[in-house]
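Biologist: I would like to learn how to read a model like this one, feature by feature. Could you give me the general idea each time, and then the case in front of us?

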Amino acid sequence: MRFFLSISVLAVSVLAGCASPGSTSGVALDGTPGMCYRDSCCGQASALAFAPHRLRCEALAAEKTGLLREAEKGFSEVLRQTRTLPEENRRGAQEVFCLALIDAARVSDTLGDLGRAISYYADGVRECANTYGAASGEVARARIGLANMQIDTGRLVEASAGLQLLLEISRQHQNRGVRAAALDAMGRLEDRREEHSKARALFKQALDIQNQEFGERSIEAGYTMMHLGDNAMMLRGWVDARGWYMRALDVFELGIGKRNRYYVNTKTALAAAFLRDRRYDALPPLYEDLLVLSREVFGARSEEYAGTLNDAAAYQYMQKQYPAAFEKFKLAAEIRRQAMPGSMLLGWTDLNAAKTRLEFNHCGLARPMLIEAQDILTQQRQSSSPDPELAEYSAEFARVAKLCAARPEPISAPPAKPRLRTKKK
């Protein structure tokens, strides 16, 4: 029996703080040098006077607290506004437009809309090159994001070409930080090709550069440590994977504490390593901690919290704690119904809940979830979804539907006729 575990890939680019070679930090609306529209300038009153920058900062805040649909709407509005600003605001609009394209792509990825994420990242490569230059950190972020989306959707030839170009740019401009990020993405590509030894070598190269450039306990290094853990998971090296995840956790806790997505996502992956190694004894305190942290960091109605509920329920299922697992799957589905309507993540949780329900009862309460899972399957097929898991999802739906058909809801007996009280003769 397969469960979809929420082993999250970190969505925040390691290039987020990179400066743009050859560019200024921005210009004011009237052309005065020095205005800044980057993430770090969301607290500057003068910059916030520019409405698109203010809206983008509000959308970033919504994203950080797990309000993904609100963030998506915010970034869409920023893109709309910056497309229509008059010429005197053009420079500021171009900068915010470039950054918002990358933001919108990142949120689309998190929401599972990979096609839209690819479109936004491709636009970001073009627009950021026009604004900041082809060798800028902004273009590198967009190229890395685009390559990772292409990897996730199986477009490996395109991803490889883009990463090779990025490696060449990093060599020409001697930008070792960009080179490390590209090598890290190349490692993910090779893992997708099932060339795990090649992937491991690329991750090690990336980690060596990050250790030299940023330090052995830098967030950049921690990011690649997590990918080394993922690589070990693919090789079924559970102990090795846990070693890398634990190192990454130490880096994140020391540098930025526990209450952040880096730490929570890595701890989620660590729990999955214990789960797949059947080291169940280690899991109760891990999931107890994760359920609190993910709720605090991302919010009670966030996709991330739903993913943690899904994984904790999968553990309880394996422990044959079926009623408790069902309740967690059901709550995760309720959250995903709002946070990610129509997504395959919602569909997987519906299937998880249905098959758990069937372990201890009939199909009655599971039937609406199966109907929703079927609707999602139909929508994904009609949209020609590039998600490589669609075939597996389809097979799992067919299997659970068959189980449901074998255990239908019992037909209620008609109510008995009331007995009339008769007098004794």
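Biologist: To begin with a single residue, how exposed is Lys330, and what is its relative accessibility?

Modeller: Before the answer, please keep in mind that this is a predicted model, in which local features need pLDDT of at least 70 and side-chain atom pairs count only at pLDDT 80 or more, while totals for chains, interfaces and linings use all residues. Residues are numbered from 1 along each chain as its sequence is written, and side-chain values use heavy atoms, with hydrogens and water left out. As for exposure, buried means under 20% relative accessible area, exposed means over 50%, and partly exposed lies in between, computed with a 1.4 Å probe on protein chains only. Lys330 has 27% relative accessibility and therefore counts as partly exposed.

Biologist: With which residue does Lys330 form a salt bridge?

Modeller: A salt bridge is a side-chain nitrogen of Lys or Arg within 4 Å of a carboxyl oxygen of Asp or Glu. Here the partner of Lys330 is Glu327, and their closest N and O atoms are 3.6 Å apart. Glu327 is partly exposed too, since its relative accessible area is 43%. The two residues lie three positions apart in helix α15 (residues 322-339), so about one helical turn separates them.

Biologist: How are the helices themselves defined, and how many helices and strands are there in the protein chain?

Modeller: Helices (H or I, at least four residues) and strands (E, at least two) are DSSP runs, numbered from the N terminus. The protein chain has 18 helices and zero strands, and 52% of its 425 residues count as buried.

Biologist: At roughly what angle do α15 and helix α16 cross?

Modeller: Axes are lines fitted to C-alpha atoms, for helices over the stretch in contact, and angles run from 0 to 180 degrees between N-to-C directions. The axes of α15 and α16 (residues 344-357) cross at roughly 155° and come within 9 Å. Angles under 35 degrees count as roughly parallel, over 145 as roughly antiparallel, 65 to 115 as roughly perpendicular and the rest as oblique, and α15 is therefore roughly antiparallel to α16.

Biologist: Which residues of α15 meet α16?

Modeller: Contact means heavy atoms within 4.5 Å. On the α15 side the residues include Phe326, Phe329 and Lys330, and they meet residues of α16 including Leu345, Leu346 and Asp350. Ala, Val, Leu, Ile, Met, Phe, Trp, Tyr, Cys and Pro count as nonpolar, Asp, Glu, Lys and Arg as charged, and the others, Gly among them, as polar. By that scheme, the residues of the contact of α15 with α16 divide into nine nonpolar, three polar and five charged.

Biologist: At what angle do α8 and α9 pack?

Modeller: Helix α8 (residues 176-192) and helix α9 (residues 196-213) pack at about 160°, their axes lying 8 Å apart. That angle makes α8 roughly antiparallel to α9, and the residues of their contact divide into eight nonpolar, five polar and eight charged.

Biologist: Returning to salt bridges, how many does a search of the whole structure find, and which residues are linked in a network?

Modeller: The search finds 28 salt bridges, and Asp39, Arg56, Glu63, Asp103 and Arg106 are linked in a network of them. Within it, the side chains of Asp103 and Arg106 meet at 3.0 Å, N to O, and both residues are buried. Asp103 and Arg106 are about one helical turn apart because they are three residues apart in helix α4 (residues 90-110).

Biologist: Is Asp113, which forms a salt bridge with Arg116, buried or partly exposed?

Modeller: Asp113 counts as partly exposed, at 32% relative accessibility, and Arg116 counts as partly exposed at 39%. Their closest N and O atoms are 3.7 Å apart.
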